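Me: Let's go through this one together, a few questions at a time. Ready when you are.

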Amino acid sequence: MTAYVIRNASILGADVADVRIVDGVIAEIGTTLDTSDVEVIDADGLIALPGLVDLHTHLREPGREDAETVETGTRSAAAGGFTLVHAMANTDPVADTAGVVEQVWRLGREHGYCDVAPVGAVTVGLAGEKLAELGAMADSAARVRVFSDDGKCVSDAVLMRRALEYVKAFDGVIAQHAQEPRLTEGAQMNEGELSGVLGLTGWPAVAEEAIIARDVLLAEHVGSRLHVCHLSTRGSVEIVRWAKSRGIDVTAEVTPHHLLLTDELAATYDPIYKVNPPLRTADDVAALREALAEGVIDIVATDHAPHPSEDKDCEWAAAAFGMIGLETALSVVQHTMVDTGLLDWAGVADRMSARPAAIGRVASHGRPLAVGEPANIVLYDPSASRVVRPEDTVSMSRNTPYRGIELPGKVVATFLRGRPTVLDGTVVDEASVEEVSA
Ligand SMILES: NC(=O)N[C@@H](CC(=O)O)C(=O)O
Ligand SMILES: [Zn+2]
Ligand SMILES: [Zn+2]
C-alpha cells in the first residue's frame, strides 16, 4: 500500500500538522515529517476531519437501481467526505432478513468507496404487523445494530415496545421515523398558514411530536435505546430535551435540509422541495440549529433519498418525497452551523463522525485523528465555494434542493483506511485504486 504524508493540514480546524499514513493507519502526527518514500498530499489551507459517518442513507439497492446503487451511492458518499454510511432498509425486497442485509453489506465491501452498514427493518416488509428477524440480522456478517422501518412509522405501540425490548440483547437501537399515520393521511407539506393558502394537505408538527413523546416513554419503560430520525420541529426538540434530562437513552438526528430550508419553498410548487418530514418554519430551523449546537440533537444525518427524474418532475401531489444530500452535507453544516458561530470544527467532527458511529455501535469509525487509529480522514477546504449544479452530482439521481444556491466549502480528499477514495475533489475510480486488504 502506498504511504502518504498529508502536509500542513489544520487538524479539526485548529493546529497545523503533518499526518503520516502507513498501511491504512495513522502512523505519525507532527511538524515537518520526513517525506522520503511517500506520496505527499499538500493540505495547505485545508481542515482535516475524521471520515464522516452517515446514520441515514438510502442506497436503493436492491430494487430501485434506476435511482441509486450501492456503487453510485457510496461514490457519492466518498465525494461528500463519508467513510461509512448506514443503508436504510426500505429497499425491494426490504432488508428484513439476514440474507438481504448481508447482500447489501457485501456489495459495499466489493465496491470499496466507503463502508456500508446495513440497517435492518423492524417489521416484516415494513408492513408494521410483525417483527422482522432482528436477532438473525444482528448475528449475520453484516452485524446489524440499527433497525428502522424508515419511510414508515412503527405506529403500533405494542410492536414498538417489543422491538425496543428485543434489541437490548445485542445493544441495538430502534431508529424511528416519527409520523403518526392517521394525522398525516394525504399530507403534502408542513401544516400551517401556508399549506392553507397553497391548498396542500398539511403535515402537522404534532404528528411527529406525539410519536416521539410516546417512544421516549416506551424506551424509558423497557430500559432500551431509541433514536429519532430526521427530527424537524421545535416541539420535538423540547421533548428530546425533557427525555434526556430524565436519563432516557434517546438520541436524535437532524438533516442538513432541515437546518437550512423552510416551508416557504413549497410556494414554488416545485417538488424538489417535497420531503418527509416536510420543510418546517424559520422558527423550527432556529430551534434545530440551537439544539444541534447544544447537543440535544446528537448528530447530522443526510437522509440522502435519491429519486429518478420521472418520480420528481411531476405535479407536487404525485411526486416522491425525498432529496439527495451526501455531497452537500458538510457544506450545508458549514454554512448553517460553523459560519454562524454555533459549532466549531471539532463540534462538526463530533456530530458527523464520532457520535453517529457511537449510536450505530461501529467501533472502527468515528475515531479521533490520532496515532494508531485507522486512517479514515477527510480534507476539506472551507474557503472554497460553488454554485450547486445537479449535473455535477456523483449520485445517480439529481434531486438536490440546492440547485443554483451558492454553498461554501469543498471536499478535496477522502481516505478510507489509508486509501484515497477522493483526490483533488474527484472520486478515485476503482480501476486505479489499490486492492484493499480484506
Ligand atoms: N425522506 C424522504 O422524504 N424519503 C425517504 C423516506 C424517509 O426518509 O422517510 C425515501 O426513502 O425516499
Ligand atoms: Zn424517514
Ligand atoms: Zn430516510
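Me: Which residues of helix H4 (residues 157-166) are buried, and how wide an arc do they fall within?
Reply: This is a predicted model, where local features need pLDDT of at least 70, side-chain atom pairs count only at pLDDT 80 or more, and totals for chains, interfaces and linings use all residues. Residues are numbered from 1 along each chain as its sequence is written, with chains lettered from A and ligands numbered from 1 in the order written. In H4 (helices are DSSP runs of H or I, at least four residues, and strands are E runs of at least two, numbered from the N terminus), the buried ones (20 or more other C-beta atoms within 10 Å of their own, C-beta atoms being placed from the backbone) are Met160, Ala163, Leu164 and Tyr166. They line one face of the helix, because seen down the axis, going by directions to the C-beta atoms, they fall within an arc of 165°.

Me: Why is strand E14 (residues 250-254) largely enclosed, and which residue in E14 is the bridge partner of valine 228?
Reply: Five of the five residues of E14 are buried, so the rest of the structure largely encloses the strand. Val250, Ala252 and Val254 point one way, Thr251 and Glu253 the other. E13 runs parallel to E14, joined by three bridges (pairing takes at least two DSSP bridges). Valine 228's partner there is alanine 252.

Me: Is aspartate 303 buried or exposed?
Reply: Aspartate 303 sits in the loop between strand E15 (299-300) and helix H10 (309-312). With 29 other C-beta atoms within 10 Å, aspartate 303 is buried.

Key:
Buried ≥ 20, exposed ≤ 12 C-beta atoms within 10 Å, placed from the backbone.
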